[in-house]
Amino acid sequence: MHPPPPAAMDFSQNSLFGYMEDLQELTIIERPVRRSLKTPEEIEKLTVDEDLSDIERAVYLLSAGQDIQGTSVIANLPFLMRQNPAETLRRVLPKVREVLHVAGVEMQLAAAVSFLTILQEESVSVHAYAHSFLQVILLHLEHRDTGVSNAWLETLLSMIEVLPKETLRHEILNPLVSKAQLSQTVQSRLVSCKILGKLTNKFDAHTIKREILPLVKSLCQDVEYEVRSCMCRQLENIAQGIGTELTKSVVLPELIELSRDEGSSVRLAAFETLVNLLDVFDTDDRSQTILPLVKSFCEKSFKADESILISLSFHLGKLCHGLYGIFTPDQHLRFLEFYKKLCTLGLQQENGHNENQIPSQVLEQEKKYVTVRKNCAYNFPVSKLLNSGVYLIHKELITLLQDESLEVLDALIDHLPEILELMSTGGESSVQENKLSSLPDLIPALTAAEQRAAASLKWRTHEKLLQKYACLPHVISSDQIYYRFLQRMFTIMMTNNVLPVQKAASRTLCIFLRYNRKQEQRQEVIQKLIEQLGQGKSYWNRLRFLDTCEFIIEIFSKSFFCKYFFLPAIELTHDPVANVRMKLCYLLPKVKSTLKIPADKHLLQQLEMCVRKLLCQEKDKDVLAIVKRTVLELDRMEMSMDAFQKKFYEKDLLDQEKEREELLLLEMEQLEKEKQQSDGRPVSDKIFEKKRRDTKTPTQNLPKSIPVSAPAPASSNPSTSKEIKKSKLIRSQSFNNHAFQAKYGNLDKCASKSSPAGYTPSASGLAKTPVLSLADDSFRTRSAGSVPTSFPPAAALPSASRGTGSPADPKSSGGKDAQPRKASLKSRKSNP
C-alpha cells in the first residue's frame with residue numbers, strides 16, 4: 001500500500017505554532033550532543049607541548065595520553081623508524097610493548113599493520129627486526145579477537161620469508177611442537193597449521209621429514225573438523241616444499257583419508273587440494289587413485305550441500321586438463337553429462353525447489369545455482385578438449401547465452417571469441433567450411449544476449465559484449481552479420497545513452513564493414529554512416545561520426561579513409577555546434593596523417609582551407625584556443641611522401657597490407673559472382689588473366705627487401721588454369737576465417753598502439769596498391785525493391801579519389817540544427 005499523499009502546507013497561525021513546537025523539540029534533542037563536547041579540562045589533557053620532539057611526544061602520549069592518541073602514535077611508528085630508527089627502538093618500542101598488553105582491538109590492529117610496514121620497508125636489518133619485534137608478534141598471535149589474531153599472523157608469515165633458518169628453528173619451529181598439541185586451544189592449533197605451511201619451504205628434506213611432517217599428520221587427524229580442514233588446505237604448500245616422492249608417500253594418503261571425512265568442509269578442502277596438486281602426481285596415481293575419488297565426489301555432489309557443487313564447477317577446468325587422456329570412453333561420456341547437468345542446474349523442473357522450503361531458503365539456493373552456471377560458463381573454453389566432439393555441447397552454449405542471470409553471461413563473454421571459433425571449426429585446427437550452420441539457434445541467442453545486456457543497468461557488461469562481437473566475421477558469414485547485427489550497431493550508436501557503449505558499437509561496426517564481402521552492402525553502410533551520423537540532425541550523432549572516423553583510420557587503409565571519409569569529416573569544421581568543431585580539431589592531426597604527397601595534394605589544400613576558416617571565423621574562445629594549438633601541431637607534422645622513407649617503413653607495410661586485403665575482398669567477390677554465373681563451369685582464362693593483371697600489386701617502385709607475392713602467369717594449359725581458379729575460389733571461401741584470424745590481432749594492437757595526436761602514424765613511401773572504388777560505375781545501386789527495410793536505397797557516395805581533380809566543395813552538415821543556443825551548447829563541452 002502506498003502512503004497517503006501529504007496534505008497541502010497550511011500557513012495559518014495554529015500551524016505556525018505547531019511548527020514552532022516541532023523546532024523546540026529538535027532543539028531539546030540537540031542539547032545532549034552539545035553537552036558531549038570536550039570540557040576545558042578534557043581539552044587540557046589532550047594538549048601536548050609543541051616544543052617536544054617527535055620521539056619525546058610519542059613517549060609522552062604512550063605513557064600519559066588517551067587510547068586514541070596511543071593508537072595514533074603506533075600507526076605512526078613506520079615514520080618514526082624512517083626518521084630515527086635507533087631512538088625509536090630504544091625509547092618508543094618498549095612503551096609500545098607495555099600498552100599492547102591492555103590495548104583494545106583498534107590499537108592491536110594498528111600495531112600489526114605498522115610492524116608489517118616496517119618489515120617491508122626494511123628500516124632496520126633483519127637481525128635487529130627479529131630481536132625487537134618477533135617476541136611481540138608471537139605474544140599476540142592467539143588474541144581472543146579473530147581479526148586481531150589474523151592480522152598478527154599475516155605479519156609473522158611475511159616475517160618467516162626473510163628470517164634466517166636458525167632463528168626460525170629456535171624461535172618458531174621448536175615452540176610449535178607444544179602449540180600444536182591437543183591440549184592447546186583450537187585457535188592455537190589453527191595458527192600452527194598456517195605456520196607449518198609456510199615453514200616447509202625453509203628447511204631441508206631431512207628436517208621436514210623428522211620434525212615437520214609428524215606435526216602435519218597429527219593436525220590432519222585432529223578431533224576438530226576446523227583444524228583438519230585448515231591443515232588440509234596447507235598440504236598444497238607442504239607438497240611443493242617436500243618434493244614428489246614424499247608427496248606421494250605422505251601427503252596423498254592423508255588427502256585420500258580426508259576426502260572421506262565426515263565433515264563436508266574437510267572433504268571440500270581435500271578435493272580442492274587434490275585438484276591443485278594434479279600436476280605433481282604421475283599418470284598411475286591420477287588414474288588409479290585420484291580419478292575414482294573425483295568420480296565419487298561428482299556422484300555424491302548433488303545430494304550434498306550446494307557449496308560443494310560451486311567448488312566442483314569452479315575447478316572443472318583444472319580437473320579436465322589434469323585428467324585429460326585418462327578417461328575411458330564411458331567415463332568421458334559420464335563426465336560430459338555431469339557438466340551438461342551443471343550448465344542447466346536450477347533451470348529444469350527436476351532440479352526445482354522443495355515445497356517445504358521457506359522463501360529465504362529458495363532465494364539462497366537460487367543464488368548458488370546461478371554461481372554454478374556462472375562457473376560452467378567461465379570453464380566453457382575447456383570444450384576444446386572435445387576436439388571434433390565439440391558439437392556435443394552446442395545446446396549448452398545456447399543455454400548459457402540465454403541464461404537470465406547477467407552474471408552467467410558476463411562469465412561467458414570473456415572467452416566468447418575463442419568459444420565461437422572452436423564451434424565454427426568443429427574443434428579442428430585447420431581452416432575448413434563453417435560448421436555453425438549446424439547450430440541454427442546461435443545467432444538468435446547472440447542477439448538476445450545483447451538485448452538483455454542492453455536492457456540491464458550493467459553497461460560495462462553490454463560494452464564488453466559489443467567488443468567481443470567484433471569476432472563475428474571470423475565465425476559467421478558477412479550476410480548474417482549484415483542482416484542481423486549491423487543495423488543493431490547503428491541503433492546503439494544513435495540511441496544509447498552510455499558513451500563507452502556507443503564507442504564499442506562504433507568500433508565493432510567498423511570491423512564488420514572491414515570484412516564485409518559484398519560491395520553493395522559496403523556502399524550502403526558507408527552512405528548511412530555519412531548521412532545519418534556525419535550529416536545527422538543531432539549534434540550527438542555527429543560527435544559519434546568523428547569517433548567512427550577515428551576507428552576507420554585505425555582499422556582501414558589510408559586510401560579507404562581518404563576516398564570516403566576525409567571530406568565528410570573536415571566538413572564538420574562548419575558545424576554550428578562548438579563541441580563538434582572542438583572534437584574535430586583534436587582529430588585533425590590523425591586526419592592529416594592519412595594523406596600522401598603529392599597524390600593527395602588537393603585534399604591537403606582542402607584541409608588547410610578549412611583550418612584557415614576556423615582561425616579567421618571561429619567565435620568560440622575555447623574552440624579557437626584548441627584551433628591555435630592544433631595549427632601548431634599540424635605545422636610540425638612530417639608529411640608522408642610517395643617516395644620510400646625508412647622512418648615510415650613498418651607503418652607503410654602495415655598500411656599496404658590493409659590496402660591489399662581490401663583489394664582482395666573485391667577480387668574474391670568478383671570471382672564468386674563469376675562462378676555463380678557460370679553455374680560451376682570454369683572461368684575462362686582470358687577473364688581470369690585480366691582480373692589478375694587488374695589486381696596485381698605494382699612492384700617496380702618497391703624496395704628490394706619487401707617480399708611481394710604475385711600469382712603465377714596463367715598457363716595455356718586448361719588444367720593449369722583450372723587449378724589457379726580453384727585455388728582462388730578456395731581462398732575466397734576461407735577468407736573470413738584465414739584473413740581475419742591473421743589480422744584481427746593486428747587490429748587490436750593498433751588500438752593499443754594508436755599514435756598520439758601530432759605524430760604521423762603511417763607514411764607510405766611505397767607504391768600504392770590500386771583500390772577499386774566503391775563509387776565506380778561498376779558498383780551500381782540496388783533497386784529499391786531489393787534493399788532491406790533496415791537500410792535506405794544507396795545513393796552516390798562522396799568520394800575523394802587519390803590522383804583525381806579537385807573534389808566538389810564540401811557541404812556544411814550543420815545546417816540541420818535549428819538555431820542552436822550558444823550557452824546551452826558550451827555547457828556540454830568535453831575533451832574527447
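Helices here are DSSP runs of H or I with at least four residues, strands are runs of E with at least two, and both are numbered from the N terminus. The model is predicted, so to speak of local features takes a pLDDT of at least 70, side-chain atom pairs count only at pLDDT 80 or more, and totals for chains, interfaces and linings use all residues. Numbering runs from 1 along each chain as its sequence is written, and side-chain values use heavy atoms, with hydrogens and water left out.

**View A. The whole chain, with 38 helices and two strands.**
Of the 832 residues in the protein chain, 49% are buried. Buried means under 20% relative accessible area, exposed means over 50%, and partly exposed is in between (1.4 Å probe, protein chains only). The accessible surface comes to about 42,000 Å², with 53% of that belonging to carbon and sulfur atoms; these areas come from the Shrake-Rupley method with a 1.4 Å probe, and for residues only the protein chains shown count as cover. Take the contacts between residues at least 6 apart in sequence: 75% of them join residues at least 24 apart. Contact here means heavy atoms within 4.5 Å.

**View B. The largest nonpolar core, 214 residues in total.**
A nonpolar core is a set of buried Ala, Val, Leu, Ile, Met, Phe, Trp, Tyr and Cys residues joined through side-chain atoms within 4.5 Å. The residues with the most contacts inside this one are Ile74, Phe115, Ile195, Leu199, Leu472, Phe565 and Phe566. Helix 13 (residues 225–258) gives the most to this core, chipping in 15 residues. In soluble globular proteins, nonpolar side chains tend to be buried together. For a look at one of the hubs, set aside the neighbours of Phe565 within four places in sequence: Phe565 then touches Ile526, Leu529, Ile530, Phe545, Cys549, Ile552 and Phe560.

**View C. Two of the aromatic pairs, out of 16 in the structure.**
Rings of Phe, Tyr and Trp (its six-membered ring) pair if their centres lie within 6.5 Å; planes under 30 degrees apart are stacked, over 60 edge-to-face, and the rest tilted. Phe335 and Phe338 have ring centres 6.2 Å apart and planes at 45°, so this pair is tilted. Since they sit three residues apart in helix 18 (residues 329–343), about one helical turn separates Phe335 from Phe338. Both Phe335 and Phe338 are buried. Phe556 and Phe560, by contrast, are stacked, at 4.2 Å centre to centre with 15° between the planes, and both of these are buried too. Zoom out a little and Phe556 and Phe560 turn up in one aromatic cluster with Phe545, Tyr564 and Phe565.

**View D. Helix 33, residues 621–636.**
Its 16 residues reach 23 Å from first C-alpha to last, close to the 22 Å expected at 1.5 Å a residue; the expected span is 1.5 Å times one less than the number of residues. Val623, Leu624, Ile626, Val627, Thr630, Val631, Glu633 and Leu634 are buried in helix 33. Which neighbours do the buried residues of helix 33 pack against? They go up against helix 31 (578–592) and helix 32 (601–617). At the start of helix 33, a side-chain oxygen of Asp620 comes to within 3.0 Å of the backbone nitrogen of Asp622.

**View E. Backbone oddities at Pro598, Glu122 and Asn387.**
Most residues other than glycine have a negative phi, and most peptide bonds are trans. The Ile597 to Pro598 bond is cis, with omega near 10°, and Pro598 is in the loop between strand 1 (596–597) and helix 32. Glu122 has a positive phi, near 55°. Glu122 sits in the loop between helix 7 (105–121) and helix 8 (126–139) and is exposed, at 65% relative accessible area. Asn387 also has a positive phi, about 55°. Its loop runs between helix 19 (359–378) and helix 20 (394–401), and Asn387 counts as partly exposed at 37% relative accessibility.

**View F. Two polar residues, Gln181 and Asn541, in their surroundings.**
Gln181 is in the loop between helix 10 (165–179) and helix 11 (186–199), partly exposed with a relative accessible area of 36%. Gln181 and Asp222 are 41 residues apart in sequence, and 9.2 Å apart in space, C-alpha to C-alpha. Asn541 belongs to helix 28 (residues 539–555) and counts as buried at 8% relative accessibility. Ignoring neighbours within four places in sequence, Asn541 is in contact with Met493, Met494, Gln532 and Leu533.

Terms used:
A polar contact is a pair of N or O atoms within 3.5 Å; within protein, one must be able to donate a hydrogen and the other to accept it, and residues adjacent in sequence count only if both atoms are side-chain atoms.
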